[in-house]
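Trainee: I would like a close look at a single part of this model, taken slowly and with the terms spelled out.

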Amino acid sequence: MVGLTKEQIINRIIRERGLSKGEIEKRIKEIARKHGISEHAAAVMLAEELGVGLEEGEELLHIADLVPGMSNVNIVARVLRKFPPREYTKKDGSKGQVANLIIYDSTGQARLVLWDNFVSRYYNELNSGDVIKVIDPLVKEGMRGVELHANFRTRIIKNPEDPRVSEIPPLEEVQTFNYRRVKIKDLEGNERFVELRGTIARLYRVITYDSCPECRRKVDYDPSTNTWVCPEHGAVKPVKMVVLDFGLDDSTGYIRVTLFGDDAAELLGESPEEIDERLKKLIEEGLTLREAGRKLAEETYYPLLGREIIVRGNVTEDKFLGTLLKARTWEEVDERREIELARRELREVLKTLGGE
C-alpha cells in the first residue's frame, strides 16, 4: 500500500518530470475514467507509468525541491528577514494587508507572503532567526524565484520538532549564503551572487509602478474594462512597487545599483504608497516621471548619501549604463561579521605563506 496522498504523488511527478499540475490532473482523471478506479489509484498508476518512485512516508521537502503549482507541502525554514506590512485594495474595494518574510533552509531562500488575517496572526510573533514550519501554503513563481503564499489552509508552527531543523544554518552564517564578497575593481561583468560593501555616493532616481499583488510583475491598465491586468494572473488590484537607483563606492571602484520592492522602500525609510504620493505631487507640478524620479532622489532622500551598506545581487552589463548590480537585498554593516571576514581573509593569506 502506497502511503502517499494523491497530492503528494502529484508533487513528485511535478518535481521529477516537469509536468504542470493541470496536465497531471487531466491525465489522472482520464486513467480513473478508463479503468473505473479512484483518482488516488489513478495517480499511483500514472506515477508508475512515468517511472516516479513512491516510497512510503512523509516527504521531507526543502526549498530547492519546490516547483510552482505544488500543494499539500510543508517546509521547515528559518526567518532571515521581515518587511513591514503594507495596505492594498481588494477586488471588492475593501482594504487588506500583506507582509513579506524571507525564509531559508539548507538549500536556498524563498519569500513567505502573509495575507490579511495571517498578518495579524503571525507577523508580530515571528522574528529574524526563528525556525518555523509552513504547512500547506500555495507554491507560486515570483520575481525572484519560488514563493510560499499563506492561505486559509496554511498553518505556521514556531520551533517545530522536525529532523530538518538541525540542517538549517544559523542566522550569522547564512548572511553570506550563496554570496561572495568582492571589490568593485575586481568585477568583470555578469558575476552572480556577489556581495559588495560600500558607501552610497549618488542617488539617480526613485520611481514606483503598479504591480501584481501576487507575482509583483508590472501590470497594465485596460481602459475598456477599467481593470489592471497581470500577464499571469489576469485582472488584479495592483500594489505599488519601488525602484531605487544609486551609485556605490567602495574606495576601489564605483558601480550603479538598482534595488527593488520592499528592500528599496525599507532603505528609503517610507512605504511604497508614501513614495508614490511624493512622485505624484511632482508630476502634478509639471515634471515628467523621469524628472520627478530624479528630483525626488536628489532633494528628498539625499540624507542617504554617505551611508555605508552591504548589497547583494547579480552583476550585468548594460549597453548604455555599463556595469550594473541588480541587488536582491541590502543590510547594515555588522562590525562583528566584518571582523570575522577579515580574520578568514588573514587565515587564507597565512596559509599561502606557509603559516598556520
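Where is Asp-136 found?

Mentor: Asp-136 is found in the loop that lies between strand 5 (131-135) and strand 6. Before going further, some ground rules: the model is predicted, so local features need pLDDT of at least 70 and side-chain atom pairs count only at pLDDT 80 or more, while totals for chains, interfaces and linings use all residues. Residues are numbered from 1 along each chain as its sequence is written, and side-chain values use heavy atoms, with hydrogens and water left out. Strands (E, at least two residues) and helices (H or I, at least four) are DSSP runs numbered from the N terminus.

Back to the loop. The phi of Asp-136 is near 60°, which is positive although the residue is not glycine. Most residues other than glycine have a negative phi. Asp-136 has a relative accessible area of 13% and is therefore buried; buried means under 20%, exposed over 50%, and partly exposed in between, with a 1.4 Å probe and protein chains only.

After the loop comes strand 6 (residues 138-142), which is joined to strand 7 by five bridges, the two running antiparallel. Two strands pair if DSSP finds at least two bridges between them. Within this pairing, Leu-138 of strand 6 stands opposite His-149 in strand 7. Such pairing in a sheet is made through backbone hydrogen bonds, either parallel or antiparallel.

Strand 7 also pairs with strand 4 (residues 109-115), here in the parallel sense and through three bridges. The bridge partner of Val-113 is His-149. His-149 of strand 7 thus appears in both pairings, facing Leu-138 in one and Val-113 in the other.

What surrounds strand 7 shows in its accessibility. Four of the five residues of strand 7 (residues 145-149) are buried, so the strand is largely enclosed by the rest of the structure.

Strand 4 leads to another residue worth setting beside Asp-136. Asp-116 lies in the loop between strand 4 and helix 4 (117-122). The phi of Asp-116 is near 50°, again a positive value in a residue other than glycine. Asp-116 has 24% relative accessibility and so counts as partly exposed, whereas Asp-136, at 13%, is buried.

To put the part together: strand 7 is bridged to strand 6 in an antiparallel way and to strand 4 in a parallel way. Asp-136 sits in the loop between strand 5 and strand 6, and Asp-116 in the loop between strand 4 and helix 4.
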